[in-house]
Amino acid sequence: MSFLDKVWYKKLGVLNAPVILPLLPLSAVFSLITKIRRERYKSHRKFSLRVKPVVIVVGGIAVGGTGKTPLCISLLQRLSALGYTVGLLSRGYKGKSKEYPLVVTTASNVEETGDEPLLIKLSVKEKATVVVDPNRERGAQYLEKLGVDVIVTDDGLQHYALERDIEIIVIDAQRMLGNGFLLPAGPLREGEWRLDSADIVVTNGNPAEPRKNCQSMHLVPSPAVSLESFCSNQGYHDYLQKGTNVVALAGIGNPNRFYNTLKSCGYNIVSTIDIGDHGVVSKQILINNSKKYPIVMTAKDAVKYAKYKLDNLYVLNVEAVLSERFYQIVADKLYDLTSKE
C-alpha cells in the first residue's frame with residue numbers, strides 16, 4: 001500500500017491524523033481559491049468560451065486514475081454509432097508538440113501526443129477525431145472548424161474557461177472520495193457537493209456504499225496480448241497463457257486496480273514496476289526484467305514502449321462496460337440540446 005493510500009484513502013484516524021491535520025489549513029486555502037475561481041466564471045467576470053458543438057466533459061473530483069479514458073473510448077464509439085460526428089479533446093499531459101492544435105493519428109509519436117490521446121485514437125480509429133491542445137478553448141474551436149457535432153473532453157472538469165453542456169464525473173468504487181478532504185490533506189479537487197451538480201455520476205466498479213442515482217461502470221479485461229500485436233492494426237494474436245508468472249508494469253493513478261485485474265485473469269505477479277501516473281521506465285529496465293519473466297502492462301503504458309520492438313512484453317487491455325441506461329441518458333440529453341438549435 002502506497003503512502004497516499006494510507007493517508008488519503010483511509011478515514012481520519014490515529015495512524016494518518018498526524019499527517020492530515022497539519023495540512024488542513026492549506027486545504028482551506030485551496031478551497032477558498034477554487035471557490036473564488038468558480039464564482040468568477042459563474043458571474044461572468046472571467047470569460048468562458050462557448051462553441052457550437054455539444055461539449056461533454058468526462059472528469060473527476062479526485063486526483064489519480066478513475067477510469068475516465070476507457071469511458072471516453074466507449075462513449076466515442078457509441079456516439080459514432082448513433083450517427084454523430086465526434087471529436088475527443090485532450091490537453092495531452094506530458095506530450096510535447098512543436099505545434100498546436102495537434103491532430104492525433106494512429107501513427108503519431110507518443111512523445112508529442114501524450115499517452116492517453118494516442119491510446120484513444122488507436123482504440124476508436126476513424127470513428128472520432130482526436131485533438132491535443134494544452135489550450136482547451138483553442139482545441140475546441142479547432143474541432144468546431146473540423147465540423148464535429150459533439151466534443152468529448154478527457155478530463156477538464158475544473159477547466160471552466162470552456163463551457164460544457166453535459167458533465168460526467170467518474171469516481172473509483174474502491175477508493176471513492178478517500179478521507180473527504182481537499183488537497184493537500186486529501187485527494188479532492190472539489191468537495192463532495194460537486195457530484196450533485198453533475199449530469200451523470202459513474203462509479204468504476206461496485207462501491208460498498210452505493211450513491212443514489214449513480215451509474216455503474218465495469219472495466220472488462222481481455223487476455224494479455226503481445227505488445228506488437230496490440231499496437232498493430234492487423235488484429236490481436238500471440239496471447240499470454242493463464243497461470244504464467246509475470247512482472248506487472250503500471251504507470252497509472254491506481255496501480256493496485258491493475259494488479260488485482262491481472263490476478264483475476266489468472267496471472268501470477270512475481271514483482272511490480274511502479275512508476276507513477278504517466279511515468280516511463282528506461283529501455284534497459286524493460287530488457288532486464290523481460291529476460292526473467294514476461295512483462296504485462298496497461299494499454300496506456302503500451303503506447304510508450306512499442307517503439308522499442310522488444311520481445312516478452314504484453315498488454316492487458318480493458319474495455320468499459322456501462323448499462324444501456326447510461327447511454328440512453330446521454331442520448332436524451334444530446335437530443336434535447338440539438339433539437340433546440
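Here is a short chat about how to read some features of this predicted model.

Me: Let's begin with strand E5. How many of its residues are buried?

Reply: Five of its five, so to speak: strand E5, residues 150–154, is mostly covered. Here's the general idea about strands. In a regular strand the side chains alternate between the two faces of the sheet. Now look at E5 with that in mind. Val150, Val152 and Asp154 sit on one side, Ile151 and Thr153 on the other, and all of them are buried.

Me: And which strands does E5 pair with?

Reply: In general, strands of a sheet pair through backbone hydrogen bonds, either parallel or antiparallel. Strand E1 (residues 54–59) runs parallel to E5, and five bridges join them. Ile56 is the residue opposite Val152 of E5. Strand E2 (residues 86–90) is also parallel to E5, with four bridges. There, Leu89 has Thr153 as its bridge partner.

Me: Okay, helices next. How do H4 and H6 pack?

Reply: Start with the general point: an α-helix has 3.6 residues a turn, so residues three or four places apart point the same way. Here, helix H4 (residues 68–81) and helix H6 (residues 115–124) pack at about 35°, and their axes are 10 Å apart. The crossing is right-handed. H4 brings Thr69, Ile73, Leu76 and Gln77 to the contact, while H6 brings Glu116, Leu119, Ile120, Ser123 and Val124. Sorted by class, that contact has five nonpolar, three polar and one charged residues.

Me: Why is H6 described as largely enclosed?

Reply: Nine of its ten residues are buried, so the rest of the structure largely encloses H6. Among the buried ones are Asp115, Pro117, Leu118 and Lys121. Right after the helix comes Lys125, with a positive phi near 50°.

Me: Let me pick out Glu116. Is it buried or exposed?

Reply: Buried, because its relative accessible area is 18%, and the cut-off for buried is under 20%. Glu116 belongs to helix H6. Setting aside neighbours within four places in sequence, its contacts are Thr69, Asp154, His278 and Lys300. You've met Asp154 already, as one of the buried residues of E5.

Me: There's another sheet to look at. What is the order of its five strands?

Reply: The order is E9-E13-E12-E10-E11, in an open sheet with mixed pairing. Strands E9 (225–226) and E11 (268–274) are at the edges with a single partner strand each, so one side of each has no neighbour in the sheet. Further in, E12 (residues 295–298) and E13 (residues 313–316) run parallel and are joined by four bridges. One of the residue pairs is Ile295 with Leu313 of E13.

Me: Which helices lie on those strands?

Reply: Helix H10 (residues 255–264) lies across E10 (245–250), E11, E12 and E13, and runs at about 155° to E10. Helix H11 (residues 283–290) packs on the sheet too, touching E10, E11, E12 and E13, with its direction at about 130° to that of E12.

Me: Last one: how many aromatic pairs does the structure have?

Reply: The general way to describe a pair of aromatic rings is by the distance of the centres and the angle of the planes. Searching the whole structure turns up four pairs. In one, the ring centres of Phe258 and Tyr259 are 6.3 Å apart and the planes are at 55°, so this pair is tilted. Phe258 and Tyr259 are both buried.

Key. Residues are numbered from 1 along each chain as its sequence is written. This is a predicted model: local features need pLDDT of at least 70, side-chain atom pairs count only at pLDDT 80 or more; totals for chains, interfaces and linings use all residues. Side-chain values use heavy atoms; hydrogens and water are left out. Buried means under 20% relative accessible area, exposed over 50%, partly exposed in between (1.4 Å probe, protein chains only). Helices (H or I, at least four residues) and strands (E, at least two) are DSSP runs, numbered from the N terminus. Two strands pair if DSSP finds at least two bridges between them. Axes are lines fitted to C-alpha atoms, for helices over the stretch in contact, and angles run from 0 to 180 degrees between N-to-C directions. A crossing is left-handed if the near helix is turned anticlockwise from the far one by less than a right angle, and right-handed if clockwise. Contact means heavy atoms within 4.5 Å. Ala, Val, Leu, Ile, Met, Phe, Trp, Tyr, Cys and Pro count as nonpolar, Asp, Glu, Lys and Arg as charged, and the others, Gly among them, as polar. Rings of Phe, Tyr and Trp (its six-membered ring) pair if their centres lie within 6.5 Å; planes under 30 degrees apart count as stacked, over 60 as edge-to-face and the rest as tilted.
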